[in-house]
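Biologist: I would like a close look at one part of this protein. Please start with a single hairpin and then work outward from there.

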Amino acid sequence: MKIKKLSTIVGGQDGAIYKNYLFRFSSKGGCTVYDLTKIEENMVPIAEFKLDKAELIAPHSNSVTFGNEFFAEGDEFPLLYSNVYNNYAKTEDKRVGICCVYRLVREGNTFSTQLVQLIKIGFTDDRVLWRSSGEVEDKRPYGNFVVDTQNSLLYAFVMRDGEEQTRYFSFDLPTLSDGEIGDSGVREVTLTADMIKEYFDTPYHNYVQGAVCYEGKIYSVEGFGEKIHPAIRIIDTEEKRQILHFDFFDAGYTDEAELIDFYGDRCIYGDHIGDLFELVF
């Protein structure tokens, strides 16, 4: 793999790219926007905004992706998906297995969002399907989400510490008309076990971070601190197996991995301090 440094942007969690816009998210609902037609050594953001209802449900945004459905005719951006992850680890309701869905609107260089749906995994307590079996407690049972826009599928994946594996589930991607209005004020969709299209296991991921689905493959980055190396894994969803694991640490890149997406056919990778790279496989 070749790694080419592109630029420096603000640090943070995952990001999502649509057309020429790069959206870089924080763990508390903030977003910084960049114009990828103007890649420079130190990129200057064109806008900043806060995700709608961040005070009600703040997504951690360690996996963010665009879908393929638009909220309304004439919208510029398709729906935006962001996971909650571990923001609520110390609360009674840990909000395990939840993905937020937003409408994104631009007026000039001003961006705003509207929370339009919550997607919930309905079997996160299941020790056969979601959680580890036996006495082992999973450290991070929250789950990451990616959208396969070509096949209108939603993938959820979770680290299972007891079995030392990561399990991937696929579902038909919910539409905006699915679900019922909940306490959040938007439609809430619960994905039950009988809605699973298929699931499969791969080697254990360490502190899953950003993720994206591109041409039937899930690109997932991981790592945390000095002991758990930043790395990328590529999962082939058709063959249901891991086809690549690359350790950035061994190549001299030691900062925590966070952002992964595609700009056209270019794979864009970013770490938590804001260094932005292009990966060539």
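How many residues lie between E11 and E12 in their hairpin, and which residue in the turn has a positive phi?

Modeller: Keep in mind that this is a predicted model. The hairpin of E11 and E12 has 4 residues between its strands. In that turn, Glu164 has a positive phi of about 50°.

Now look at the two arms. Strand E11 covers residues 153-160, and strand E12 covers 165-172. They pair in the antiparallel sense, over 8 bridges. To find one contact point, pick Phe157: Tyr168 in E12 stands opposite it.

E11 has a partner before it in the chain too. E10 and E11 pair in the antiparallel sense over 5 bridges. One pair to look for is Phe145 with its bridge partner Ala156 in E11. These two strands also make a hairpin, again with 4 residues between them. There, Ser152 takes a positive phi near 50°.

Next, follow the side chains of E11. Leu153, Tyr155, Phe157 and Met159 point one way. Leu154, Ala156, Val158 and Arg160 point the other way. All of these residues are buried. Buried here means under 20% relative accessible area. With 8 of its 8 residues buried, E11 is therefore largely enclosed by the rest of the structure.

What surrounds this part? The largest nonpolar core has 38 residues. Tyr81, Ile121, Phe123, Trp130, Phe169 and Phe171 touch the most other members. Several strands give two or more residues to this core, among them strand E8 (98-107), strand E9 (110-121) and strand E14 (187-191). E10, E11, E12 and E16 also belong to that list. E11 gives the most, with 7 residues.

From the core, move to open space. The largest pocket holds about 390 Å³. It has 20 lining residues, and the closest to its centre are Thr149, Cys213, Tyr214, Asp261 and Phe262. Strand E10 (144-148) gives two or more residues to this lining. So do strand E2 (15-18), strand E6 (64-66), strand E16 (208-214) and strand E20 (257-263). By type, the lining divides into 10 nonpolar, 6 polar and 4 charged residues.

E20 deserves a stop of its own. All told, 7 of its 7 residues are buried, so this strand is largely enclosed by the rest of the structure. E20 pairs with strand E21 (residues 266-271) in the antiparallel sense, over 6 bridges. Phe262 stands opposite Cys267 in E21. Ala257 stands opposite Asp271, also in E21. The two strands form a hairpin with 2 residues between them. In that turn, Gly264 has a positive phi of about 65°.

That hairpin is part of an open sheet of 4 strands, in the order E1-E22-E21-E20, with antiparallel pairing. Strand E1 (2-8) and E20 are the edge strands, and each pairs on one side only. Neighbouring strands of this sheet are turned by 30° against each other on average, direction ignored.

The other strand to trace from the pocket is E2. It sits in an open sheet of 4 strands, ordered E2-E3-E4-E5, with antiparallel pairing. Here the edge strands are E2 and strand E5 (47-50), and each pairs on one side only. The twist averages 20° from one strand to the next. Within this sheet, 5 bridges join strand E3 (residues 21-25) to strand E4 (residues 30-35), and the two run antiparallel. One pair to find is Phe25 with its bridge partner Cys31 in E4.

One more stop: the second largest pocket. About 160 Å³ of space lies there. Leu56, Ile57, Ile98 and Leu118 are among the residues that line this pocket, and so are Asp93, Arg95, Lys120, Asp183 and Glu188. Ser184 lines it as well. This lining divides into 4 nonpolar, 1 polar and 5 charged residues.

Back to your hairpin. Its strand E11 has both strand neighbours named above, with 5 bridges from E10 and 8 bridges to E12.

Terms used:
Residues numbered from 1 in each chain as written. Predicted model: local features only at pLDDT ≥ 70, side-chain atom pairs only at ≥ 80, totals over all residues. Heavy atoms only, no water. 1 Å grid on protein atoms, 1.4 Å probe; cavity = no way out; pocket = protein on both sides within 12 Å on 5 of 7 lines; lining within 4 Å. Points joined across faces, edges and corners; volume = space filled by probe spheres on them. Nonpolar A, V, L, I, M, F, W, Y, C, P; charged D, E, K, R; others polar. Pairing = 2+ DSSP bridges. Axes fitted to C-alpha atoms, helices over the stretch in contact; angles between N-to-C directions. Core = buried A, V, L, I, M, F, W, Y, C linked by side-chain atoms within 4.5 Å. Buried < 20%, exposed > 50% of the residue type's maximum accessible area, 1.4 Å probe, protein only.
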